[in-house]
Amino acid sequence: MQSKISSFFKSPSSSSPPKCLQEDPPSFSDDGLAIWQNSQHQFVNTYARRAAPKSILGDQRSEGNKGQQRGVLPKLISKDSCSEPETEVCGKVLNKKRSYAQFHLDLGQSDFNLRACSTCGAKYAPGDEGDEKEHKIFHKNYTHGIQFKFFRSERVVHMPCSEAGRIVLVLDSDPPALRNKLQEVIKMMEIELGDGWIFHKLCKVYLFVSSQRVAGCLVAEPIKEAFKVLTGSVDETSKCAAKKNSRPISTTLQFGEVILQREAMKKVTAVDSFNVINGTHNGAVVCEEEAVPALCGIRAIWVTPSNRRKRIASQLLDAVRRSFCMGFVLEQSQLAFSPPTSAGKALASSYAGTTSFLAYKPQNAGS
């Protein structure tokens with residue numbers, strides 16, 4: 001009975017031992033054991049070389065598939081990587097997108113680097129977006145005037161006919177914002193009238209504002225004396241100077257039997273209005289020696305090119321006569337002008353009603 005119970009709980013595998021266990025292990029000596037271990041117990045590792053990826057997109061897809069198999073979410077593919085394909089060469093990622101640059105050929109052009117505007121005189125580089133934008137802004141400020149919006153502290157000179165605009169009086173004691181705007185206008189005037197002499201602290205500046213832009217500017221200063229201009233002096237001296245400077249100068253160049261003859265015409269030099277009365281110029285304006293009393297001197301007057309021939313200068317002169325001296329109005333013939341240009345002489349003689357208007361010697365801006 002005991003034998004039957006033992007055979008019931010005995011496993012079938014335990015009934016017959018494995019074949020490898022039935023055989024007795026071989027008996028070797030020390031040398032034979034080393035030979036048997038080297039021949040029977042060798043571990044061989046085999047490595048397969050991985051194929052190079054064709055693109056980063058393929059790698060991302062393979063990594064995404066592997067990640068899905070391992071339970072990891074694949075990486076998102078950005079739009080930039082699709083729009084700008086990249087390749088891997090020698091371990092470096094190269095971008096296939098090319099960058100282009102505009103080149104120019106220098107063949108001796110006179111305006112190769114910069115071009116000067118014939119209207120405003122500004123120099124800019126054609127084709128440069130930044131330069132062309134700055135020139136467009138400067139050109140508009142020069143031809144139409146500096147932008148001038150309403151200031152709380154501005155001083156308006158009321159005139160009978162002021163429908164086209166308003167006249168603002170600016171003094172050196174005004175707030176900095178108004179004085180800074182005045183300096184911008186002075187810089188525009190200096191393009192045609194010269195720099196360094198137009199404005200000083202004792203001057204009163206009259207701005208003609210139209211359509212929120214400064215269309216004209218007049219600089220007046222207090223004076224004590226002036227001189228009468230002799231009638232016809234400007235025309236005669238200018239004609240003599242032009243005739244003297246327009247003499248043809250002939251030069252002959254000879255190369256063997258070839259004779260070349262050249263005639264050069266000297267340009268008439270521009271008259272510097274500040275140096276006329278100082279005696280440093282031959283003279284475009286001749287005045288009487290005896291001085292007469294004067295109170296107001298028109299140091300400079302300027303109107304933007306697009307607003308000329310609109311009587312803006314005359315309205316500025318009227319505002320000066322009404323507001324320069326407290327208590328009374330000056331006569332038209334009592335206004336004295338700094339040594340004028342040809343356009344200034346025409347304005348002064350037309351406004352005063354005579355060619356023998358008053359002229360004076362302006363003081364330096366630093367004095």
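# Salt bridges, a helix and a charged patch

Biologist: Hi! Is Glu184 buried, exposed or partly exposed?
Modeller: Glu184 counts as partly exposed, at 37% relative accessibility. Buried means under 20% relative accessible area, exposed means over 50%, and partly exposed is in between, using a 1.4 Å probe and protein chains only.

Biologist: Anything to keep in mind about the model?
Modeller: This is a predicted model, where local features need pLDDT of at least 70 and side-chain atom pairs count only at pLDDT 80 or more, while totals for chains, interfaces and linings use all residues. Residues are numbered from 1 along each chain as its sequence is written, and side-chain values use heavy atoms, leaving out hydrogens and water.

Biologist: Back to Glu184, then. Which residue forms a salt bridge with Glu184?
Modeller: Lys181 does, with 3.7 Å between the closest N and O atoms. A salt bridge here is a side-chain nitrogen of Lys or Arg within 4 Å of a carboxyl oxygen of Asp or Glu. Lys181 and Glu184 are three residues apart in helix α8 (residues 176–193), so about one helical turn separates them. Lys181 is buried, at 17% relative accessible area.

Biologist: How do you pick the helices and strands?
Modeller: They are DSSP runs, numbered from the N terminus: H or I over at least four residues for a helix, E over at least two for a strand.

Biologist: How many salt bridges does the structure hold?
Modeller: There are six. One of them joins the side chains of Glu221 and Arg299, at 3.1 Å from N to O. Glu221 sits in strand β8 (residues 213–222) and Arg299 in strand β13 (residues 296–303), so this pair ties together parts that are 78 residues apart in sequence. Both Glu221 and Arg299 are buried.

Biologist: Nice. Which residue does Arg321 form a salt bridge with?
Modeller: Arg321 pairs with Asp318, and their closest N and O atoms are 3.4 Å apart. Both lie in helix α10, three residues apart, or about one turn of the helix. Arg321 is buried, with a relative accessible area of 13%.

Biologist: What does α10 reach from its first C-alpha to its last?
Modeller: Helix α10 (residues 312–323) has 12 residues and reaches 17 Å, close to the 16 Å expected at 1.5 Å a residue. The expected span is 1.5 Å times one less than the number of residues.

Biologist: And why is α10 largely enclosed by the rest of the structure?
Modeller: Because nine of its 12 residues are buried. Among them are Ile312, Leu316, Leu317 and Val320.

Biologist: What's Arg311 doing?
Modeller: Arg311 lies in the loop between β13 and α10. Its phi is near 60°, a positive value in a residue other than glycine, and at 61% relative accessibility Arg311 counts as exposed.

Biologist: New topic: Phe208. Where is it found?
Modeller: Phe208 is in strand β7 (residues 204–210). At 2% relative accessibility, Phe208 counts as buried. Its C-alpha is 6.7 Å from that of Gly165, 43 residues apart along the chain.

Biologist: Last one: which residues gather in a patch of negative charge on the surface?
Modeller: Asp128, Glu129, Glu132 and Glu134. Patch residues have over 30% relative accessible area and no salt bridge, with like charges joined within 9 Å. Asp and Glu count as negative, Lys and Arg as positive, and His and the chain ends are not counted. Asp128 is found in the loop between β4 (123–124) and α7 (129–144), and it is partly exposed, at 38% relative accessible area.

Note on methods
Patches are made of residues with over 30% relative accessible area and no salt bridge: like charges are joined within 9 Å, nonpolar side chains (Val, Leu, Ile, Met, Phe, Trp, Tyr) within 5 Å. Accessible areas come from the Shrake-Rupley method with a 1.4 Å probe; for residues, only the protein chains shown count as cover. The place of a charge is taken as NZ of Lys, CZ of Arg, CG of Asp or CD of Glu.
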